[in-house]
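Hi,

Here is the structure I said I would pass on. Have a look at it first, and my notes follow below.

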Amino acid sequence: MAAGLTALIGATSVLGLGLIPLLAIGLSVFRYNNVDPESHPQNARQLLPMYDFIVVGGGSAGAVIASRLSEVANWTVLLLEAGGDENEISDVPLLASYIQLSELDWQYQTAPPTTSRYCLGMIGDRCNWPRGKVLGGSSVLNAMVYARGNRRDYDNWARLGNTGWSYEEVLPYFLKSEDNRNPYLARTPYHRTGGYLTVQEAPWRTPLAIAFLQAGQELGYDNRDINGANQTGFMLTQMTIRRGSRCSTAKAFLRPVKNRSNLHIAMNAQALKVLFNANKRATGVEFLRNGKQQVVRCRREIVLSAGAINSPQLLMLSGIGPSEHLAEFGIPVISDLRVGDNLQDHVGLGGLVFILNETVTVTKERFQTFSVMLEYALRERGPMTSSLVEGLAFLNTKYADESGDYPDVQFHFLPAGINSDDQIRKVLSLTDRIYNTMYKPLFGAETWTILPLLLRPKSTGWIRLRSKNPLVHPEITPNYFAHKEDMDVCVEAIRLAFRVSNTSAFQRFGSRPHTIHMPGCQGYPFDTYEYWECAVRHFTFTIYHPTGTCKMSPRSDPTAVVDPRLRVYGVKGLRVADASIMPRIVSGNPNAPIIMIGEKASDIIKEDWRVKRKRGAGR
């Protein structure tokens, strides 16, 4: 344990953590070393020259696929992950934001806006887009929210021609993964126990969490399981946590199978390009490890699970993408596809803070204490088990579908504000002007936040190469609020958030809006449409849900990149399975749907190769 703590001291000094969090993490290490039978997987040093399957990216989908494919004992599987292993800091839910901007994060940023105005309140007009560069991917960095989306999302995928992707067909794959630890949920047809992925409500919450549910009832919304029969309503957040600590896909799907001899996991191995033969069959992957370029060959298939940014980048570097774009970099075109288009994200207003009279919120000073640390380390309970997203709500603005159960906005409720912890300001890259004007005066105040987000924005963006060099980050243009309808829905969502604050459930705490004007928006009266539009374009907020950049669709769709079996058009032996294949973004946090995609992709691959063997195709 001493060596682990020495490493932790260095890591925590980089993250700016104090003594109390360090002690909490140290005791967490001790607890897991003594209680958790699942130790970390080994980083394979010696690789085979050829594998049956190569999975690129060990994140929310890739970890699942590598685990499931290696269930076939005579298949050899290599998982390539650009980052290293997760650590004890990432285990602690309350410290989720401290992992962002660390070495476990790709540290992406959006390009400065040109076609639409957004992220104007961030340094350089660029929003940070954290993505996990670590085994487990963004499931190591996220807020651990478990939300599946709306059943109509998947039925719409199927209506677009994606056979096999309707709600009834994907639900079994959500259930396959899940080990739900809340009996009132586990007893329903929409949840299950015994899977690899532990799901439960956080064991600790503030009194405001119940007030949030009560406020929903006052507004006419049910308190319901939003992963059940109907989505519209309010609920306590279901999370991917286990015994009070983060349950990443690496912890869930890779640690239990780490001793399989047919599964090799190569960490700190960044894929550079996919290699093809003269028949356009994927034959291997070129990757960088320990400063050396290496090649590993593939006998059956390569599966890209590198995420909605890295998968399209890898495809384009490999010659699969828009021909006119690849020509700019002199990349020979193997398949002319609209790779990188259709970028979608959940976006809304950040920093929508309300002030209270009572001491009930979460602040750094109050909850990074010795007693809180002991409760977490010894009892697996207390504030450190919370990711701060205590409640979720799916609501209908006046623009929503008339059926009432296809909500168009989502609320994330947090018993804290921008003023509660300096780290929040850092990870958002908020300018001094906005922070000092709006949030510094709230230092020491009791604040809570609603993050109102669009579930299905009409505006779409794109990913493009900035260089032929694989180590140069691609250009990310989210193109937020290019459609006026998106702003209309967002302003209505903000007004719904004010209604939550005005309920008697929150008024008993003295809740009131923070009304200092956003810098740059002083010319508009507070609470007018023009003011909120200006505020949204300055404090543009996303909780980092990029999807859609390798669109799944029938071949008749000119924007399609992969077919409903996830095979890349125009080549052989290559699939994509991650958030990038979503033809339309799901109505909720995408981590659970991405895990579902990993589960379904694994079965698709098994089915296809077993069919081939029966027909005599063999290897």
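In this predicted model, strands 5, 6 and 8 make up an open sheet, in the order 5-6-8 and with mixed pairing. Strand 5 (178–180) and strand 8 (238–239) sit at the edges, each pairing on one side only. Strand 5 and strand 6 (residues 197–201) run parallel and are joined by three bridges. If you want a spot to zoom in on, E178 stands opposite L197 in strand 6. Lying across strand 5 and strand 6 is helix 7 (residues 167–177), which runs at about 60° to strand 5.

Helix 14 (residues 370–379) is worth a click too. Which of its residues are buried? V372, M373, Y376 and A377 are, and because they cover an arc of only 125° around the axis, they end up on the same side of helix 14. On the face turned away from that buried side you will find the exposed residues S371, L378 and R379. After helix 14 comes E380, which has a positive phi, near 60°.

One thing from the records: an unreviewed UniProt entry puts the feature "domain: Glucose-methanol-choline oxidoreductase N-terminal" at residues 132–155 and 307–321. Over residues 132–155 the chain is 21% helix and 0% strand, with the end C-alpha atoms 30 Å apart. For residues 307–321 the numbers are 73% helix and 13% strand, and the end C-alpha atoms are 16 Å apart.

Cheers

Conventions: Residues are numbered from 1 along each chain as its sequence is written. This is a predicted model: local features need pLDDT of at least 70, side-chain atom pairs count only at pLDDT 80 or more; totals for chains, interfaces and linings use all residues. Side-chain values use heavy atoms; hydrogens and water are left out. Two strands pair if DSSP finds at least two bridges between them. Helices (H or I, at least four residues) and strands (E, at least two) are DSSP runs, numbered from the N terminus. Contact means heavy atoms within 4.5 Å. Axes are lines fitted to C-alpha atoms, for helices over the stretch in contact, and angles run from 0 to 180 degrees between N-to-C directions. UniProt positions are given in the numbering used here, feature names are shortened, and annotations may be inferred rather than shown by experiment. Buried means under 20% relative accessible area, exposed over 50%, partly exposed in between (1.4 Å probe, protein chains only). The arc is that of the directions from the helix axis to the C-beta atoms.
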